[in-house]
Every structure is written in C-alpha cells, then in structure tokens.
Amino acid sequence: MQKPRVQGQITFLYYRQIEPAAAFYEELMGFEVVEDQGWAKIYRAGGNAYLGIVAGEKGFHTPQEKNAVLVTLVVDDVAPWYEHLVAKGVNMLSKLEHREEIGIRCFFLEDPGGYALEVQQFLRPRQIEAFSAA
C-alpha cells in the first residue's frame with residue numbers, strides 16, 4: 001500500500017477579534033484571501049503555504065493569553081520586508097538580525113492577536129534550494 005500524500009498545509013491562528021487580524025494579513029502583509037468563510041479566512045502566504053485566521057468563539061480552539069506559536073515566512077530578501085513593516089508601525093519584536101551560525105537573516109514581529117511571526121531569509125545554497133518555491 002502506498003503512503004497517502006499531503007498536498008498542502010494550513011496553520012490556523014485563533015483570535016478574540018478577527019477583524020484586526022484580517023486587516024493585518026490582507027493590507028499590511030498583502031496575503032491573498034483564498035477562502036473566506038466569514039468567521040474563518042485562509043490566506044496564501046506564498047506558493048503552497050497557507051495561514052488561516054479564525055474567530056475564537058467559533059473555531060476548534062480558543063484564543064490564549066500567551067501564544068506558543070511561531071509562524072516563519074521564508075522570503076528571498078528580508079530587508080524590504082523589515083523596512084515595510086517598520087514603516088507601517090507594526091509591533092517589532094527584534095531588529096533585523098544576521099545569524100551566521102545557522103545561515104539566516106531574520107526579524108520577529110507580533111500580529112494583532114499576539115502571535116509571533118518571523119520573516120526569514122536563508123543564506124546557504126542548500127537551504128535556499130530546499131525552501132525555494134516549487
């Protein structure tokens with residue numbers, strides 16, 4: 001018997017107020033809405049990477065005071081993202097960092113629901129090839 005195939009992946013985040021999260025992901029991040037169910041929205045972050053936002057009173061989980069989730073967005077060039085989000089007044093959790101020991105440039109920010117996001121650029125050819133858009 002052949003192993004079943006996974007064709008995609010969606011990470012769902014839960015919010016007390018979905019409207020600020022929707023504005024953040026649509027307007028500031030520029031993510032495409034691919035499914036809008038009213039109390040849940042699914043965005044294409046890029047390629048086959050999806051992020052879902054859910055109104056906490058309707059979803060499988062409820063929003064937490066402190067979220068132990070980190071969503072990492074892999075980009076070709078991290079600097080323009082950093083400049084864009086700083087200019088828009090987004091709550092930044094770090095400055096732009098160069099982490100040679102693991103071959104990345106990155107920064108961290110917080111979305112309206114308190115979720116941490118990392119925007120990351122791989123620097124090593126093997127990493128770039130492994131995580132490039134298919």
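A residue counts as buried when its relative accessible area is under 20% and as exposed when that area is over 50%. The structure discussed here is a predicted model. At 0% relative accessibility, Phe107 is therefore buried. Tyr82 is buried as well, because its relative accessible area of 18% falls under the 20% limit.

**Aromatic pairs**

The model holds six aromatic pairs. One of them joins Tyr82 and Phe107 in an edge-to-face arrangement, with 5.1 Å from centre to centre and 75° between the planes. This pair links distant parts of the chain: Tyr82 lies in helix α2 and Phe107 in strand β7, 25 residues apart. Elsewhere, Phe24, Tyr25, Phe31 and Tyr43 make up one aromatic cluster.

**The four-stranded sheet**

Strand β7 belongs to an open sheet of four strands, arranged in the order β5-β8-β7-β6 with mixed pairing. Strands β5 (70-74) and β6 (97-99) are the edge strands; each has a single partner, so one side of each is left without a neighbour in the sheet. On average, neighbouring strands are turned by 30° against each other, direction ignored. Helix α2 (residues 78-87) packs on this sheet and touches β7 and β8 (116-122), its direction making about 20° with that of β7.

Two of the strand pairings, with one pair of opposite residues for each, are set out below.

| Strands | Sense | Bridges | Opposite residues |
|---|---|---|---|
| β6 and β7 | antiparallel | three | Glu97 and Cys106 |
| β5 and β8 | parallel | five | Thr72 and Glu118 |

In β5 the side chains alternate between two faces. Val71 and Leu73 point to one face and are buried, whereas Leu70, Thr72 and Val74 point to the other and are not buried. Thr72, on the face that is not buried, is the β5 residue that stands opposite Glu118 in β8.

**Helix α1 and the core**

The largest nonpolar core has 28 residues, among which Tyr25, Ile53 and Leu109 touch the most other members. Two or more residues each come from β1 (9-15), α1 (18-28), β3 (40-46), β4 (49-55), β5, α2, β7 and β8. The largest contribution, five residues, is that of α1. In soluble globular proteins, nonpolar side chains tend to be buried together.

The buried residues of α1 are Ile18, Ala21, Ala22, Phe24 and Tyr25. Because they cover an arc of only 160° around the axis, they lie on the same side of the helix. The face turned away from this buried side carries the exposed residues Glu19 and Glu27. Among the elements covering the buried residues of α1 are β1, β3, β4, β7 and β8.

Tyr25 appears in several of these descriptions: as a buried residue of α1, as one of the core residues that touch the most other members, and as part of the aromatic cluster. Which residues does Tyr25 contact, leaving aside its neighbours within four places in sequence? They are Leu13, Tyr15, Gly30, Phe31, Tyr43, Leu51, Ile53, Asp111 and Leu117. Two of these contacts, Phe31 and Tyr43, are also in the aromatic cluster with Tyr25, and Ile53 is itself named among the core residues that touch the most other members. Gly30, another contact of Tyr25, comes just after α1 and takes a positive phi of about 75°.

Definitions and conventions
Residues numbered from 1 in each chain as written. Predicted model: local features only at pLDDT ≥ 70, side-chain atom pairs only at ≥ 80, totals over all residues. Heavy atoms only, no water. Pairing = 2+ DSSP bridges. Axes fitted to C-alpha atoms, helices over the stretch in contact; angles between N-to-C directions. Contact = heavy atoms within 4.5 Å. Core = buried A, V, L, I, M, F, W, Y, C linked by side-chain atoms within 4.5 Å. Buried < 20%, exposed > 50% of the residue type's maximum accessible area, 1.4 Å probe, protein only. Arc of directions from axis to C-beta. Phe/Tyr/Trp six-rings, centres within 6.5 Å; stacked < 30°, edge-to-face > 60°.
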